[in-house]
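The questions and answers below take a reader new to this structure through its main features. Please look at the sequence and the model first.

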Amino acid sequence: MTVYNFGSISADCFYQVPHIPVPEETLAVTALDQGLGGKAANQSVAMVQVGAFGCSGPRWGLAARAA
């Protein structure tokens with residue numbers, strides 16, 4: 001089965017800090033990692049896990065203008 005998936009795919013950044021900062025506190029990042037995120041990315045992974053062939057497409061109309 002082919003399933004077309006329309007939505008956003010983005011890069012998520014994960015920052016590791018020594019503790020949760022208090023208001024007005026600035027912390028140095030001790031580690032940085034990046035991962036795949038966004039609604040379409042999550043749906044595409046789920047489709048592959050259940051055996052569907054997935055394809056993510058571009059956004060059109062108002063959704064494309066909002067990006």
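Q: What phi does G51 take just after α1?
A: This is a predicted model, in which local features need pLDDT (the predictor's confidence in each residue, from 0 to 100) of at least 70, side-chain atom pairs count only at pLDDT 80 or more, and totals for chains, interfaces and linings use all residues. Residues are numbered from 1 along each chain as its sequence is written, and side-chain values use heavy atoms, with hydrogens and water left out. G51 follows directly after α1, and its phi is positive, at about 95 degrees.

Q: In what order do the elements of the protein chain run from the N terminus?
A: Helices (H or I, at least four residues) and strands (E, at least two) are DSSP runs, numbered from the N terminus. The protein chain has two helices and four strands. From the N terminus on, their order is β-β-β-α-β-α.

Q: Which element of the protein chain has the lowest mean pLDDT?
A: The average pLDDT of the protein chain is 79, and 75% of the residues score at least 70. Where pLDDT is low, the predicted coordinates should not be read in detail. Among the elements, β2 has the highest mean, 90, while the lowest, 53, belongs to helix α2 (residues 62-66).

Q: Which residues of helix α1 are buried?
A: Buried means under 20% relative accessible area, exposed over 50%, and partly exposed in between (1.4 Å probe, protein chains only). Of the 67 residues of the protein chain, 12% count as buried. In helix α1, which spans residues 39-49, the buried ones are A40, A41, S44 and M47.

Q: Why are these buried residues on the same side of α1?
A: An α-helix has 3.6 residues a turn, so residues three or four places apart point the same way. The face turned away from the buried side of α1 carries the exposed residues K39 and Q49. The buried residues are on the same side because the arc they cover around the axis (taken from the directions from the helix axis to the C-beta atoms) is only 125 degrees.

Q: How far apart in space are M47 and N5, C-alpha to C-alpha?
A: M47 is part of helix α1 and has a relative accessible area of 12%, so it is buried. In sequence, 42 residues separate M47 and N5; in space, C-alpha to C-alpha, the distance is 9.3 Å.

Q: Where does E24, with its positive phi, have its place?
A: Most residues other than glycine have a negative phi, and most peptide bonds are trans. E24 is not a glycine, yet its phi is positive, about 75 degrees. With 82% relative accessibility, E24 counts as exposed. Its place is in the loop between β2 and β3.

Q: How far apart in space are I9 and N42, C-alpha to C-alpha?
A: I9 sits in the loop between β1 (2-6) and β2. Its relative accessible area is 47%, so I9 is partly exposed. I9 and N42 are 33 residues apart in sequence, and their C-alpha atoms are separated by 8.5 Å.
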